[in-house]
Amino acid sequence: MASVDIVNVKKSFDRAEILRGVSIHIQDGEFVVLVGPSGCGKSTLLRMIAGLETISSGEIKIGDQLVNDFTPRDRDVAMVFQNYALYPHMTVAGNMAFSLKLRGIDRAEIDRRVARAAEILGLTALLDRRPRHLSGGQRQRVAMGRAIVRDPRVFLFDEPLSNLDAKLRVAMRSEIKDLHQRLKTTMVYVTHDQIEAMTMADRIVVMRDGRVEQTGEPLELYDTPANLFVAGFIGSPAMNFLKGTIEVADRTGFVADTGTFVPLPPSPTHGELAGRPLVLGIRPEHLRIADGAAGGFEVGVKIVEPTGSETQVTATANGADLIALFRERHTVRQGDQLHLTPTHFHLFDGQNGARLASVSI
């Protein structure tokens, strides 16, 4: 096991800047997920840790070793890719043992490592099968087993679940998390799926345009996003946003640019922010139906989507679409007029997007 230190790492292809000075400290044994939209640089950063991409500037350390000039083989890391890359003519055991044979490992040691990895991943009964006889999830477990037998200091995962169906992805998320808890080895995992990041990570690194937007534990990012980008990226359904200003004169509340008035409780913060261009952020589950038509703000219901445990309602407030998520069984239909009120909200700077305040009511 080993820590990973990424210090002011930059990467350019010709004139295109892919990474713009990324610094991340990953502790020994930690499960860190790099998440962000396509093109943000997360996969490039992972490949640089593995040694598959050169570094334009900066440093990468694995343990106490500077590995900038190390070959992938010398870095003692194992990578699991999106495509399984299994040898079709080899059995499961053969695929898992292949890299060890190339390194000249003793046959008895190879058998021991393969048997251990197969037991961990539930592949013992499948060791004599070939990849074409395996399901997608089983093939992915073989790819992970091939990494486990190497007993690396660091595991690297590059969107390993992207080719699986939704149900299997949920199961594999649990298996990878369980694998980390068993092995207690440092893992760096890349995905564009924020649900994967939230459910699996010890810490999440949110990236955009080659920069780190925020690093923290999953619920820390969810509850206290650093800016509008993180607030909108983390959470499903996404946070609702309204542009406008705070009013504290005759009434206290948020006046959206569309004309919607959202009543808010009095707060010294509101006075400090009055008149500034702001963005009000409300997560769908933090909207509830107001007690009486006099409270909250009016919306018109456009779409009702019951899922059993909760009901998702898409509504419009003076032309601005909002999503509310109710865990209570409300009788709501398309075309209804509702009054909603927030139980928790965030205020963001309307110019730079930084979070200014988070308030529970």
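How many helices and strands does the protein have? There are 9 helices and 21 strands, where helices (H or I, at least four residues) and strands (E, at least two) are DSSP runs numbered from the N terminus. This is a predicted model, in which local features need pLDDT of at least 70 and side-chain atom pairs count only at pLDDT 80 or more, while totals for chains, interfaces and linings use all residues. Residues are numbered from 1 along each chain as its sequence is written, and side-chain values use heavy atoms, with hydrogens and water left out.

**View 1. The whole chain, before we zoom in.**
The C-alpha trace spans about 80 × 45 × 35 Å along its principal axes. Of the 361 residues, 49% count as buried; buried means under 20% relative accessible area, exposed means over 50%, and partly exposed is in between (1.4 Å probe, protein chains only). Take the contacts (heavy atoms within 4.5 Å) with a separation of 6 or more: residues 24 or more positions apart account for 65% of them.

**View 2. The antiparallel sheet of β2, β1, β4 and β5, with α1 packed on it.**
Here 4 strands form an open sheet in the order β2-β1-β4-β5, with antiparallel pairing; two strands pair if DSSP finds at least two bridges between them. The edge strands are β2 (16-26) and β5 (65-66), each pairing on one side only. Helix α1 packs on this sheet and touches β1 (4-13), β2 and β4. The direction of α1 makes about 115 degrees with that of β1; axes are lines fitted to C-alpha atoms, for helices over the stretch in contact, and angles run from 0 to 180 degrees between N-to-C directions. Over at the β5 edge, 2 bridges join β4 (residues 57-62) to β5 in an antiparallel run, and I62 stands opposite Q65 in β5.

**View 3. Helix α1, mostly under cover.**
Spanning residues 42-50, α1 has 7 of its 9 residues buried. The buried set is K42, T44, L45, L46, M48, I49 and A50. Look just past the end of the helix for G51, which takes a positive phi of about 90 degrees.

**View 4. The mixed sheet running from β6 to β10.**
This one is an open sheet of 6 strands in the order β6-β7-β8-β3-β9-β10, and the pairing is mixed. At the edges sit β6 and β10 (211-216), each of which pairs on one side only. Neighbouring strands are turned by 20 degrees against each other on average, direction ignored. Helix α5 (residues 166-183) packs on the sheet and touches β3 (31-35), β7 and β8; the direction of α5 makes about 165 degrees with that of β8. Strands β7 (residues 154-158) and β8 (residues 186-191) run parallel and are joined by 5 bridges. Within that pairing, L156 has V188 in β8 as its bridge partner.

**View 5. Strand β9 and its two neighbours.**
Is β9 mostly covered or mostly uncovered? Mostly covered: 5 of the 6 residues in β9 (residues 203-208) are buried. On the β3 side, 4 bridges join the parallel strands β3 and β9, with V205 in β9 as the bridge partner of L34. On the β10 side, β9 and β10 pair in the antiparallel sense over 5 bridges, and R208 has R211 in β10 as its bridge partner. The hairpin of β9 and β10 has 2 residues between the strands, and in this hairpin D209 takes a positive phi near 50 degrees.

**View 6. The largest pocket.**
About 630 Å³ of space lies in this pocket. A pocket, on a 1 Å grid over the protein atoms alone, is an open set of points where a 1.4 Å probe fits, with protein on both sides within 12 Å along at least five of seven lines, and lining residues have an atom within 4 Å of a point. Grid points are joined across faces, edges and corners, and the volume is the space filled by probe spheres set on the points. The lining counts 18 residues, with V77, A78, M79, S99 and R150 nearest the centre. Each of β6 (77-80), α2 (92-102) and α4 (136-148) supplies at least two lining residues. By type, the lining divides into 12 nonpolar, 1 polar and 5 charged (Ala, Val, Leu, Ile, Met, Phe, Trp, Tyr, Cys and Pro count as nonpolar, Asp, Glu, Lys and Arg as charged, and the others, Gly among them, as polar).

**View 7. G275 in its loop.**
G275 lies in the loop between α9 (268-273) and β14 (278-282). Its relative accessibility is 60%, so G275 counts as exposed. Leaving aside residues up to four places away in sequence, G275 touches T245 and I246. Don't look for L179 in this frame: G275 and L179 are 52 Å apart in space, C-alpha to C-alpha, and 96 residues apart in sequence.
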